[in-house]
Amino acid sequence: GAFILLGARVFYLQAFKKGEILSNRRAFSRLKKLRGDLRSREGRIIASSCRGAKIFLKKNKTLSPKERKALYKIAGLTAPEEKKRRSRILLSGFLSPELERRIKTLPFSEKFVFVPAQKRDYFDRKYFAPIAGFTNYENNGAAGAEYEYNDYLEGDSGEIIETDATGKLILSNDPDVLHAKGNDVYLTLDYNLQSLLYDEIGRTVEKYKAKGGYGIIMIPHTGEILAAVFAGAG
């Protein structure tokens with residue numbers, strides 16, 4: 001009798017209460033803090049991150065020709081035309097907050113999933129690229145200062161976020177979660193000296209048809225590197 005009652009209860013919940021149960025389901029995950037800046041010794045930004053979102057087309061969802069046209073017009077994004085699928089499809093690895101807001105105004109926006117994402121921007125790459133390095137697709141340092149100081153730039157382990165059954169972010173308990181940031185790293189490089197040395201070595205390499213040139217400027221009694229450049233021919 002107990003098993004019959006239990007079976008009947010399970011059937012009732014699945015048949016009549018499934019939607020309600022799913023709507024109340026919550027999931028927790030860890031959101032990385034915004035990666036800290038890389039800066040020159042005087043504070044000029046070499047690399048910085050900004051918040052945005054990845055956008056996915058939900059599984060088993062398709063867009064009509066009219067909807068695809070609207071999505072392309074508003075954000076320059078293209079969506080596949082194939083039939084319904086069992087897995088979601090990534091439409092963009094990064095959307096600015098402005099584009100995300102505009103897409104969410106579309107009448108068919110419920111077909112999309114928006115996931116918090118970061119983008120790393122580099123400034124004056126020709127002067128600082130070899131030293132600054134770069135991050136990988138997971139926004140982890142993969143080379144140069146980005147790799148060497150990865151843990152410090154990331155800060156601690158990040159913030160716990162809550163999502164509902166649809167993947168929507170719930171921030172009611174901590175409205176500042178998306179503004180949390182890691183630590184900035186100040187390099188010993190002087191922006192003016194770095195750019196001056198780079199340009200001078202480049203001119204010298206070109207003048208003498210050399211394969212490349214290398215130079216450093218440092219403070220001898222401290223070992224601080226104020227500029228370090230390798231310039232190849234061409």
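## Salt bridges, cores and a surface patch

Asp121 and Lys119 form a salt bridge, with their closest N and O atoms 3.7 Å apart. Both partners are partly exposed: Asp121 has a relative accessible area of 27%, and Lys119 has one of 35%. Keep in mind as you read that this is a predicted model.

**The chain as a whole**

Let us step back for a moment. The chain has eight helices and twelve strands. Of its 234 residues, 36% count as buried. The accessible surface comes to about 15,000 Å², and carbon and sulfur atoms account for 55% of that. Look also at the contacts between residues at least 6 apart in sequence: 67% of them join residues at least 24 apart.

**More salt bridges**

How many salt bridges does the count come to? The count is twelve. Three of them are set out here.

| Salt bridge | N to O distance | Relative accessible areas |
|---|---|---|
| Asp121 and Lys119 | 3.7 Å | Asp121 27%, Lys119 35% |
| Lys104 and Glu100 | 3.0 Å | Lys104 45%, Glu100 15% |
| Arg203 and Glu200 | 2.8 Å | Arg203 48%, Glu200 40% |

Two of these pairs sit in helices. Why are Lys104 and Glu100 separated by about one helical turn? They are four residues apart in helix H4, which spans residues 97-104, and so about one helical turn lies between them. An α-helix has 3.6 residues a turn, so residues three or four places apart point the same way. In this bridge Lys104 is partly exposed, whereas Glu100 counts as buried because its relative accessibility is 15%, under the 20% cut-off.

The pair in helix H8 has a spacing of three residues, so Arg203 and Glu200 are also separated by about one helical turn. Arg203 counts as partly exposed, and Glu200 is partly exposed as well. Elsewhere, salt bridges that share partners join Asp37, Arg39, Lys181 and Asp184 into one network.

**Inside the protein**

Now for the nonpolar interior. The largest nonpolar core has 17 residues, and those touching the most other members are Ile55, Leu71, Leu91, Ile103 and Phe112. Strand E3, helix H3 (65-75), strand E4 (89-95) and strand E5 (112-122) each give two or more residues to this core. Another core lies apart from it, made of twelve residues that include Ala132, Ala145, Leu187 and Leu189.

Which residues does Ile103 touch, leaving aside its neighbours within four places in sequence? Its contacts are Ile55, Leu71, Ile74, Ala75, Leu77, Leu95, Ser109, Phe112 and Phe114.

Helix H5, residues 125-132, is a good one to find in the structure. Its residues Tyr127, Phe128 and Ala132 are buried. These three lie on the same side of H5, because they cover an arc of only 90° around the axis. The buried residues of H5 pack against strands E2 (38-39), E3 (45-57), E6 (134-135) and E7 (141-143), and also against helices H6 (144-148) and H8 (191-207). Just after H5 comes Gly133, which takes a positive phi of about 75°.

Is Asn139 buried or exposed? Asn139 is found in the loop between E6 and E7, and it counts as buried because its relative accessible area is 10%, under the 20% cut-off. Beyond its neighbours within four places in sequence, Asn139 is in contact with Lys32, Arg35, Gln118, Arg120 and Glu154.

**On the surface**

Some nonpolar residues face outward. Tyr214, Ile216, Met218 and Phe230 form a nonpolar patch on the surface, and together they have about 460 Å² of accessible area. Which strand gives the most to the nonpolar patch? Strand E11, residues 212-219, does so with three residues. Tyr214 is found in E11, and it is exposed, with a relative accessible area of 59%.

Gly212 lies in strand E11 too. Gly212 is partly exposed, with a relative accessible area of 32%. Its C-alpha atom is separated by 8.5 Å from that of Ile201, and the two residues are eleven residues apart along the chain.

Conventions:
Residues are numbered from 1 along each chain as its sequence is written. This is a predicted model: local features need pLDDT of at least 70, side-chain atom pairs count only at pLDDT 80 or more; totals for chains, interfaces and linings use all residues. Side-chain values use heavy atoms; hydrogens and water are left out. Buried means under 20% relative accessible area, exposed over 50%, partly exposed in between (1.4 Å probe, protein chains only). The arc is that of the directions from the helix axis to the C-beta atoms. Contact means heavy atoms within 4.5 Å. Patches are made of residues with over 30% relative accessible area and no salt bridge: like charges are joined within 9 Å, nonpolar side chains (Val, Leu, Ile, Met, Phe, Trp, Tyr) within 5 Å. Accessible areas come from the Shrake-Rupley method with a 1.4 Å probe; for residues, only the protein chains shown count as cover. A salt bridge is a side-chain nitrogen of Lys or Arg within 4 Å of a carboxyl oxygen of Asp or Glu. A nonpolar core is a set of buried Ala, Val, Leu, Ile, Met, Phe, Trp, Tyr and Cys residues joined through side-chain atoms within 4.5 Å.
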